[in-house]
Amino acid sequence: MSKKPLILGIESSCDETAASIITENDQGNPIVLSNIVSSQVDVHKEFGGVVPELAARSHVEKIDLIVQKAIDESKIDIKEIDAVASTAGPGLIVCLSVGLSFGKTFAASLNKPFIAVNHLEGHALSPKLNSKLNYPYLLLLISGGHSQYLSVKNLGEYKRLGTTIDDAIGEAFDKTAKLLGIEFPGGPQVEVLAKKGDPNKYNLPKPIFNKGGCNLSFAGLKTAILNITKQIKTEQEKFDLAASFQKTVIEILHKKTKIAFTEFENQIKPKEKKFVVAGGVAANKEIRNMLIELCKEENYKPIFPPIELCGDNAAMIAMVGLEKFKLKQFDNLDYPAKPRWPLDQDAVFLKGAGVKL
Ligand code: KG4
Ligand code: ZN
């Protein structure tokens with residue numbers, strides 16, 4: 001039996017220092033041997049958000065320990081590693097540089113190939129870590145920095161169907177949390193508070209609901225919430241606002257996903273209709289449930305990564321590394337960190353005032 005590839009994945013694009021070793025079984029299904037994620041929540045808490053310089057310093061302090069831990073937990077010998085895959089972008093340049101330099105040095109010292117990975121491609125492929133998933137598929141990527149519908153035709157072949165023209169969904173959750181007085185990182189807590197509230201209490205705006213195809217917008221929602229928070233006095237009103245916010249986001253995603261389904265079908269004519277939802281916000285159960293229901297109605301197969309692989313991790317980076325390794329898609333050791341690196345390089349930049357839809 002031939003030796004199965006062993007890939008070391010490294011992630012440091014924002015505030016998680018992560019390393020993972022993956023391989024695959026005889027059927028070609030990936031196996032996660034270790035997946036270590038060290039979060040920097042305590043470093044950034046007092047500032048209410050991620051401070052890039054502090055994040056980078058924390059990555060530098062921890063990266064060797066985290067990689068060592070991933071190797072120890074996987075029970076492999078370091079010399080067995082076949083390739084090293086590091087996130088090269090998008091993200092904070094000072095943070096990316098840490099994991100990228102570490103990965104290149106590691107690969108060079110082992111005399112093994114180096115693979116530069118797009119963090120967003122990591123999210124896009126993350127469901128492959130626990131379910132069989134062949135190309136093509138429709139992807140909804142919802143994280144702290146991105147909200148996009150993309151048709152995924154093959155490894156590295158993406159066509160953007162829609163994107164946010166202002167805030168990302170995760171960012172909207174985080175900003176709402178801040179306005180509700182929830183400590184950083186507050187996005188997941190909004191879901192918790194929403195459970196205790198009345199989702200119909202506040203009528204919030206749904207920007208570009210009836211135009212712009214499956215493009216998204218959340219900035220107006222944040223402004224409305226800011227105005228309401230100035231008037232609310234009781235805890236119950238806070239819960240009601242969290243619930244109303246979440247319901248509004250769900251209504252927007254419901255409508256826009258239906259449009260994305262149609263666009264995907266027109267463009268790809270897929271034999272099998274598959275819908276992958278990935279990124280930190282895919283951990284939200286209410287959003288999951290609505291999208292699963294919608295898939296049932298529209299004859300799509302819904303595919304989510306396991307909750308623990310929705311947020312940033314290195315197993316998803318190693319997953320991209322594994323696919324690229326099998327295709328011998330290696331990168332040079334002078335590969336640069338790329339703060340901006342869209343999956344669909346041909347898509348028009350659609351952010352800021354004056355965007356025409
Ligand atoms: O993918 P991710 O870990 O990092 C980025 O690449 O951005 O996503 C983090 C985002 C944050 O904005 C966080 O608030 C959001 O995902 N998030 C959630 C939930 N869990 C994480 N938003 C809503 N509901 C959740 N349960
Ligand atoms: Zn991410």
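Colleague: In what order do the five strands of the open sheet run?
Modeller: In this predicted model, the pairing within the open sheet is mixed. Strand 8 (157-163) and strand 10 stand at its edges, each with a single partner strand, so one side of each is left without a neighbour in the sheet. Neighbouring strands are turned by 25° against each other on average, direction ignored, and the order of the five strands is 8-7-6-9-10.

Colleague: In which sense do strand 6 and strand 7 pair, parallel or antiparallel, and over how many bridges?
Modeller: Strands of a sheet pair through backbone hydrogen bonds, in either a parallel or an antiparallel sense. For strand 7 (residues 147-154), one bridge joins Ser147 to Ile142. The pairing of strand 6 with strand 7 is antiparallel, over six bridges.

Colleague: Which helix packs on the sheet, touching strand 6, strand 9 and strand 10?
Modeller: The direction of the helix concerned makes about 175° with that of strand 9. The element that packs on the sheet and touches these three strands is helix 9.

Colleague: Which helix gives the most to the largest nonpolar core?
Modeller: This core has 49 residues, and those touching the most other members are Phe245, Val249, Leu253, Phe275 and Ile287. At least two residues come from each of several elements, including strand 6 (137-142), helix 5 (169-179), strand 9 (274-278) and helix 9 (285-298). With 13 residues, the element that gives the most is helix 8.

Colleague: Which residues does Leu253 touch, not counting those up to four places away in sequence?
Modeller: Leu253 is itself one of the residues that touch the most other members of the largest core. Another core, of 31 residues, lies apart from that one and has Val117, Tyr135, Leu150 and Ile317 among its members. With residues up to four places away in sequence set aside, those touched by Leu253 are Leu140, Tyr149, Ile169, Leu216, Ile287 and Met290.

Colleague: Which residues coordinate the zinc ion (ligand 2)?
Modeller: The donors follow the spacing H-x3-H-x188-D along the chain. His119 lies in helix 4 (residues 119-125) and Asp312 in the loop between strand 10 (301-303) and helix 10 (315-326), so this pair ties together parts that are 193 residues apart in sequence. At 2.1 to 2.2 Å, the coordinating residues are His119 (NE2), His123 (NE2) and Asp312 (OD).

Colleague: Why is the arrangement of the four donor atoms around the zinc ion (ligand 2) classed as it is?
Modeller: Four donors count as tetrahedral only if all angles lie between 85 and 135 degrees. The four donor atoms around the zinc ion (ligand 2) subtend angles of 92 to 141°, which makes the arrangement irregular.

Colleague: Is Cys310 buried or exposed?
Modeller: Cys310 is found in the loop between strand 10 and helix 10. Leaving aside neighbours within four places in sequence, Cys310 is in contact with His123, Gly279, Gly280, Ala282, Ala283, Arg288 and Pro305. Because residues under 20% relative accessible area count as buried, Cys310, at 0%, is buried.

Colleague: What is the relative accessibility of Lys196?
Modeller: Lys196 has its place in the loop between helix 6 and helix 7. Leaving aside neighbours within four places in sequence, Lys196 is in contact with Gln236 and Phe239. Lys196 counts as partly exposed, since its relative accessibility is 47%.

Methods
Residues numbered from 1 in each chain as written. Chains lettered and ligands numbered in written order. Predicted model: local features only at pLDDT ≥ 70, side-chain atom pairs only at ≥ 80, totals over all residues. Heavy atoms only, no water. Donors = N, O, S within 2.8 Å, 3.2 Å for Na, K, Ca; no water. Tetrahedral: all angles 85-135°; square planar, octahedral: opposite > 155°, others 65-115°. Helix = DSSP H or I, 4+ residues; strand = E, 2+ residues; numbered from the N terminus. Core = buried A, V, L, I, M, F, W, Y, C linked by side-chain atoms within 4.5 Å. Buried < 20%, exposed > 50% of the residue type's maximum accessible area, 1.4 Å probe, protein only. Contact = heavy atoms within 4.5 Å. Pairing = 2+ DSSP bridges. Axes fitted to C-alpha atoms, helices over the stretch in contact; angles between N-to-C directions.
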